[in-house]
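User: I would like to work through a structure by question and answer, with the reasoning set out at each step. Please begin once it is displayed.

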Amino acid sequence: MKWFAKHIVFGCFISIGFAACDGTDVTFTEPQPSGVKEVLKFKRKFTGDYLSISDSSVLHISKSAITQIWDFEIEVDSNHSIQDATNNISVNTDEGDLQIQASEDSTNYRVHYSHEVFTVSNEMVLKYVDHTYFLNFQEDTDSWDVKTVYFDTDGFLQIHDLNLSPADLEKLKSITSVSEETDTEGKVVDYHIQPTKKELSQIMNSNLFEDGEKFVRIRK
């Protein structure tokens, strides 16, 4: 099933991005939640296609992977060439897999881009507890980024990650121990946490996982 968004372009700038969010870089020393067994696939309740509320991309959840897809048409007026329009598209990611196909009369073109969000592997560990999936991404030997996937009370699928401001960091320190990694000049370059299951629950209830996206199901 294909989903399309159509836009009129008059030299506008279009961005499809996965840039790192601004904020303090905090990573976990092990996959979360601590002490919870890894799982290899998503429950049937979660699999299917979802439409993003923010940008109309489609999120596909299979048994063991999550992929986000942008597929839309852009119409170009007679004052702009295909090259002009192409230059106005920026894929803000290191995983450039952007496809652009012009129509025969050069008045519009099709844009397709897919991004692998998560695939169960040694470097991407999946855990499940309390109706929530935890997506663990290994950055280094003892450094993991974490996202959560769950249905909210209104039935929307939510994907959140831990992105902290300085104020949030102080709040985090009141819940669990925070260690600092510094460079040769003594500047803090990373923060590491290793919360217990109870402390992680407190972090979740403190709304520190609040930066993310909301999706509505369109197909099981």
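User: Does Lys173 count as buried, exposed or partly exposed, and at what relative accessibility?

Analyst: This is a predicted model, and the classes rest on two cut-offs, with buried under 20% relative accessible area and exposed over 50%. The value for Lys173 lies between them, so the residue counts as partly exposed, at a relative accessibility of 36%.

User: Which residues are joined with Lys173 into one network by salt bridges that share partners?

Analyst: Lys173 meets the side chain of Glu170 in a salt bridge, at 3.8 Å from N to O. These two residues are three apart in helix H2 (residues 166-173), and therefore about one helical turn separates them. Lys173 also forms a salt bridge with Glu180, where the closest N and O atoms are 3.9 Å apart. The residues that share a network with Lys173 are Glu170 and Glu180.

User: Which residue forms a salt bridge with Lys147, and is that partner buried or exposed?

Analyst: The closest N and O atoms of the pair are 3.2 Å apart, and the partner is Asp161. The bridge links distant parts of the chain, with Lys147 in strand E13 (residues 143-151) and Asp161 in strand E14 (residues 157-161), 14 residues apart. Lys147 is partly exposed, at 25% relative accessible area. Asp161 has a relative accessibility of 15%, so the partner, Asp161, counts as buried.

User: Which residues form a positive surface patch, and where is Lys220 placed?

Analyst: Lys220 is exposed, with 80% relative accessibility. The patch consists of Lys41, Arg44, Lys63 and Lys220. As to its place, Lys220 lies in the segment after strand E17 (211-219).

User: What is the phi of His131, and in which loop is this residue found?

Analyst: His131 is not a glycine, yet its phi is positive, at about 65 degrees. The residue is exposed, with a relative accessible area of 61%. His131 is found in the loop between strand E11 (124-129) and strand E12 (132-140).

User: Is the peptide bond from Gln32 to Pro33 cis or trans, and what is its omega?

Analyst: Pro33 is located in the loop between strand E3 (26-28) and strand E4 (38-39). The bond that leads from Gln32 to Pro33 is cis, with omega near -10 degrees.

User: How many helices and strands are there in the protein chain?

Analyst: The protein chain has 220 residues, of which 38% count as buried. Among its contacts with a separation of 6 or more, 62% involve residues 24 or more positions apart. The chain contains three helices and 17 strands.

How values were computed
Residues numbered from 1 in each chain as written. Predicted model: local features only at pLDDT ≥ 70, side-chain atom pairs only at ≥ 80, totals over all residues. Heavy atoms only, no water. Helix = DSSP H or I, 4+ residues; strand = E, 2+ residues; numbered from the N terminus. Buried < 20%, exposed > 50% of the residue type's maximum accessible area, 1.4 Å probe, protein only. Contact = heavy atoms within 4.5 Å. Patch = residues over 30% accessible without salt bridge, like charges linked within 9 Å, V, L, I, M, F, W, Y side chains within 5 Å. Areas by Shrake-Rupley, 256 points an atom, 1.4 Å probe, with all protein chains shown as cover. Salt bridge = Lys/Arg side-chain N within 4 Å of Asp/Glu carboxyl O. Lys, Arg positive; Asp, Glu negative; His and termini not counted. Charge placed at Lys NZ, Arg CZ, Asp CG, Glu CD.
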